[in-house]
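User: I would like to go through this model term by term and ask what each label rests on. Please set the computed values against the cut-offs as we go.

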Amino acid sequence: MKLCEQLYTIRYMTEQDLETLIHWFESEKLTYYYEENQPQNILIKKYKDKIKGNSRVIGFILMIDNIEIGYMQIYPISTNIKKELNYNNSERIYGIDQFIAEPINWGKGYGTTFIRLMIKFLSLEYNTDRVLLDVRKDNIRAIKSYKKCGFEYKIDKDDKYIYMEHICSSTD
């Protein structure tokens with residue numbers, strides 16, 4: 001799968017991307033917001049499972065003009081979380097997680113464009129009713145981006161994170 005819009009591309013992650021991903025996770029600025037503070041061998045196994053389809057999570061690489069700049073993943077929301085958040089179990093709800101890896105690329109609107117592309121993909125390919133994400137309460141830049149994409153505050157997840165949701169429509 002490859003989603004493209006102008007210079008923006010979202011493609012499935014491959015094993016060739018693992019070295020780049022591990023390098024990105026060495027950044028404390030990134031892992032403050034995207035918590036992947038695990039030993040390298042555990043990270044490699046976790047992401048290889050996603051690549052091989054041994055996980056309910058599907059990983060993607062975000063690219064601009066054929067240069068890798070970030071990561072995104074999608075996954076069906078579990079029955080337990082649907083129940084916890086008072087969703088109807090029959091609703092098709094997907095979660096997304098994403099990051100733009102290098103701080104030099106933060107605040108330029110790249111994440112907003114990639115999220116809009118993924119919402120369109122989830123709406124068309126999975127007939128998704130809602131898209132759910134969690135974000136650190138102090139990640140103001142990300143929260144602004146999510147709001148631009150139509151996400152609204154849902155509920156506090158805990159003292160550090162909030163849930164935000166996007167209700168899909170035929171115009172996505």
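Analyst: What follows is a set of questions and answers on a predicted model, taking strands, cores, pockets and single residues in turn.

User: What makes strand E4 largely enclosed by the rest of the structure?

Analyst: Strand E4 covers residues 67-76, and seven of its 10 residues are buried. A residue is called buried when its relative accessible area is under 20%, and because seven of the 10 meet that condition, E4 is described as largely enclosed by the rest of the structure.

User: How do you know that E3 and E4 pair?

Analyst: Pairing requires at least two bridges between two strands. Strand E3 (residues 58-64) and E4 are joined by seven bridges in the antiparallel sense, so the condition of at least two is met. Within this pairing, Leu62 stands opposite Gly70 in E4. The two strands form a hairpin with two residues between them, and Asp65 in the turn has a positive phi of about 55 degrees.

User: Which strand does E4 pair with over seven bridges, besides the one in the hairpin?

Analyst: E4 also pairs with strand E5 (residues 93-100), again in the antiparallel sense and over seven bridges. Tyr75 stands opposite Gly95 in E5.

User: What makes a group of residues a nonpolar core, and which members touch the most others in the largest one?

Analyst: The members must be buried, must belong to a set of residue types such as Ile, Phe and Met, and must be joined through side-chain atoms within 4.5 Å. The largest core has 30 residues, of which Ile96, Phe114, Met118 and Phe151 touch the most other members. Two or more residues come from each of strand E2 (8-12), E3, E4, E5, helix H5 (110-126), strand E6 (130-136), helix H6 (140-148) and strand E8 (161-167). H5 gives the largest share, seven residues. A second core, separate from this one, has 15 residues, including Leu21, Leu30, Ile61 and Tyr71.

User: Which residues is Phe151 in contact with, leaving aside its neighbours within four places in sequence?

Analyst: With those neighbours left aside, Phe151 is in contact with Ile96, Ile115, Ile119, Val131, Leu133, Tyr146, Met164, Glu165 and His166.

User: How much space lies in the largest pocket, and what lines it?

Analyst: The largest pocket holds about 790 Å³ of space. Its lining has 38 residues, and those closest to its centre are Gln98, Phe99, Asn139, Ala142 and Tyr146. At least two lining residues come from each of helix H2 (28-33), helix H3 (40-52), E4, E5, H5, E6 and H6, with H6 supplying the largest share, six residues. By class, the lining divides into 16 nonpolar, 10 polar and 12 charged residues.

User: Which residues lie nearest the centre of the second largest pocket?

Analyst: Tyr75, Ile77, Ile81, Asp134 and Lys157 lie nearest its centre, out of 14 lining residues. About 200 Å³ of space lies in this second pocket. E4 and E6 each supply at least two residues of its lining, which comprises eight nonpolar, two polar and four charged residues.

User: Why are Ser145 and Ile93 called buried?

Analyst: Buried means under 20% relative accessible area. Ser145 has 12% relative accessibility and therefore counts as buried, and Ile93, at 2%, also counts as buried. Ser145 lies in helix H6 and, not counting residues up to four places away in sequence, touches Gly111, Thr112 and Ile115. Ile93 lies in strand E5; leaving aside neighbours within four places in sequence, Ile93 is in contact with Tyr75, Pro76, Ile77, Lys82, Tyr87, Thr128, Arg130 and Leu132.

User: Why are Gln6 and Asn86 called exposed?

Analyst: The exposed label needs a relative accessible area over 50%. Gln6 is at 77% and so counts as exposed, and Asn86, at 70%, likewise counts as exposed. Gln6 lies in the loop between strand E1 (2-5) and E2, whereas Asn86 lies in the loop between helix H4 (79-84) and E5.

User: What is the phi of Gln6, and what is that of Asn86?

Analyst: Phi of Gln6 is near 55 degrees, a positive value in a residue other than glycine. Asn86, which is not a glycine either, has a positive phi of about 60 degrees.

Terms used
Residues numbered from 1 in each chain as written. Predicted model: local features only at pLDDT ≥ 70, side-chain atom pairs only at ≥ 80, totals over all residues. Heavy atoms only, no water. Buried < 20%, exposed > 50% of the residue type's maximum accessible area, 1.4 Å probe, protein only. Helix = DSSP H or I, 4+ residues; strand = E, 2+ residues; numbered from the N terminus. Contact = heavy atoms within 4.5 Å. 1 Å grid on protein atoms, 1.4 Å probe; cavity = no way out; pocket = protein on both sides within 12 Å on 5 of 7 lines; lining within 4 Å. Points joined across faces, edges and corners; volume = space filled by probe spheres on them. Nonpolar A, V, L, I, M, F, W, Y, C, P; charged D, E, K, R; others polar.
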